[in-house]
Amino acid sequence: MNGYTISDRVLSVELSGIRKFFQAAKPGSVNLTLGQPDLDTPQHIKDAAIHAIQEGYCGYTFNAGLPELRSAISDKLDRENDLSYTPDQVIVTAGAGEALYIAFQSLVNPGDAVVYTDPGFVSYAECTKLASGRGRPLPLTSDLCIDVEQAKEVMDGARLFVLNSPCNPTGTVESAETIRAIVEYADDKGICVISDEVYEHFVYGDTKHVSAAQFGDNVLTINAASKTYAMTGWRLGFVAGPSEYIDECIKVHQYCQTCATSISQHAALAAYTGDQSCVTQMKNTYEHRRDILYDGLTRLGFSFKCPEGAFYAFVPMASLFPALLDIGVIGVPGDAFGECGAPYVRFSYASADAVLHEAVARIEKIVG
Ligand SMILES: Cc1ncc(COP(=O)(O)O)c(C=O)c1O
């Protein structure tokens, strides 16, 4: 054989730093790396999946998803997000991850600039490279928020602006004013906003989540059942937006995925149409866990912004990272989320109370 043939595009892509540290944790470690709820998928959702298997719903569905599920998502977007998308403007995908991928593939031409925050979720930079675009990171303020004026400068000549509120890894929930200003400016400049809202239901205290598409038409809304209903392994998400975009995104979806898993689609139908009290319970659980971690670390002298949403604490303690590995408390180094994340470590608090107390107790040993 005369050498392996790999595209330059794929060679330029990095494996996620999150998974690397998750897999490297030694036995007995307190592992706070993954954004994976430890809570179980609610029973009525599992029952719907079991029923779907028993009824033999095991074949392909329409590419864009079951009509009744697309309708349920359209209703959900109206009810919860004040957005009006017809079922035809929704594609059901294999998680928000696939929704992001098909959106980038459909909208980005080689060399196009894509703006995303630094720090920001790992997929945005890598999906940009996979679409042969050029990443244009937008540094956040010291308070880990978007500065609108700086965002406008960075947006100059860009193709896409990726907004993620509540944000992974920072836990920031951007204000309605910031979101409105970005969407309106982007609309003026012909830039599409991709609004990744997978943590929409996990916002704490008086904080409110606002959907970007309320403020303009040039927006693709991305979401998933993954975090909302503790369904990360079911691989079920969606993208909704103007037909002009959706009619193109479906082509990429068709050739990379065909359709989302039929059984997961039936489960998601039960999730989106069923009793939503499970979501409130999960939110309350995460809020309590956030308090354990935030109160514990601030008591030890760490000073950082209390996360308003998602389930991550982004703590400026990178210099302690080797010591954290020694005592078996595993987070993700902040530079996995962009250069500006370097001073931080991200801890997921989607873990049991006892695990979080143990993490704080171990950290106390190195700072005490
Ligand atoms: C901000 C953000 N967007 C998208 C995803 C991908 O979600 P899914 O599991 O639905 O593909 C994640 C997963 O951690 C995330 O944090």
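In strand 2, valine 92 stands opposite phenylalanine 238 of strand 8. The model is a predicted one: local features need pLDDT of at least 70, side-chain atom pairs count only at pLDDT 80 or more, and totals for chains, interfaces and linings use all residues. Residues are numbered from 1 along each chain as its sequence is written.

Threonine 93 likewise has a partner in strand 8, glycine 237. Strand 2 covers residues 90–93 and strand 8 covers residues 237–240; four bridges join them, and they run antiparallel. Strands here are DSSP runs of E with at least two residues, helices are runs of H or I with at least four, and both are numbered from the N terminus. Two strands pair if DSSP finds at least two bridges between them. In general, strands of a sheet pair through backbone hydrogen bonds, either parallel or antiparallel.

Val90 and Val92 point one way from strand 2, while Ile91 and Thr93 point the other way. All are buried. A residue is buried if 20 or more other C-beta atoms lie within 10 Å of its own, exposed if 12 or fewer, and partly exposed in between, with C-beta atoms placed from the backbone. Strand 8 shows a similar arrangement: Gly237 and Val239 face one way, Phe238 and Ala240 the other, and all are buried.

Strand 8 also pairs with strand 7 through four bridges, and these two run antiparallel. Isoleucine 222 stands opposite valine 239 there. Strand 7 (residues 219–224) is joined in turn to strand 6 (residues 192–196) by four bridges, but this pair runs parallel. Leucine 220 of strand 7 stands opposite isoleucine 194.

These strands belong to an open sheet of seven, in the order 2-8-7-6-5-3-4, with mixed pairing. Strand 2 and strand 4 (134–139) are the edge strands, each pairing on one side only. Neighbouring strands are turned by 20° against each other on average, direction ignored. Axes are lines fitted to C-alpha atoms, for helices over the stretch in contact, and angles run from 0 to 180 degrees between N-to-C directions. Helix 8 (residues 176–189) lies across strand 5 (160–164), strand 6 and strand 7. The helix runs at about 165° to strand 5.

The ligand is surrounded by 13 residues, the closest being Gly95, Ala96, Gly97, Ala224 and Ser226. A residue counts as near a molecule if its C-beta atom, placed from the backbone, lies within 6 Å of it. Helix 5 (residues 95–107) gives the largest share of this shell, three residues. The shell divides into four nonpolar, eight polar and one charged.

Two other helices were examined. In helix 6 (residues 122–130), the buried residues include Val122, Tyr124 and Cys127. Serine 132 follows helix 6 and has a positive phi, near 60°. Glutamine 281 is found in helix 12 (residues 277–299). Glutamine 281 is exposed, with 12 other C-beta atoms within 10 Å. Tyrosine 199 is 82 residues from glutamine 281 in sequence and 15 Å away in space, C-alpha to C-alpha.

Overall, the protein has 14 helices and 12 strands. Its radius of gyration is 20 Å, close to the 21 Å that the globule rule gives for 368 residues, so the protein is as compact as a globular protein of that length. The radius is taken over C-alpha atoms, and the rule is 2.2 Å times the number of residues to the power 0.38. Of the 368 residues, 48% count as buried.

Note on methods. Ala, Val, Leu, Ile, Met, Phe, Trp, Tyr, Cys and Pro count as nonpolar, Asp, Glu, Lys and Arg as charged, and the others, Gly among them, as polar. Two residues are in contact if their C-beta atoms, placed from the backbone, lie within 7 Å.
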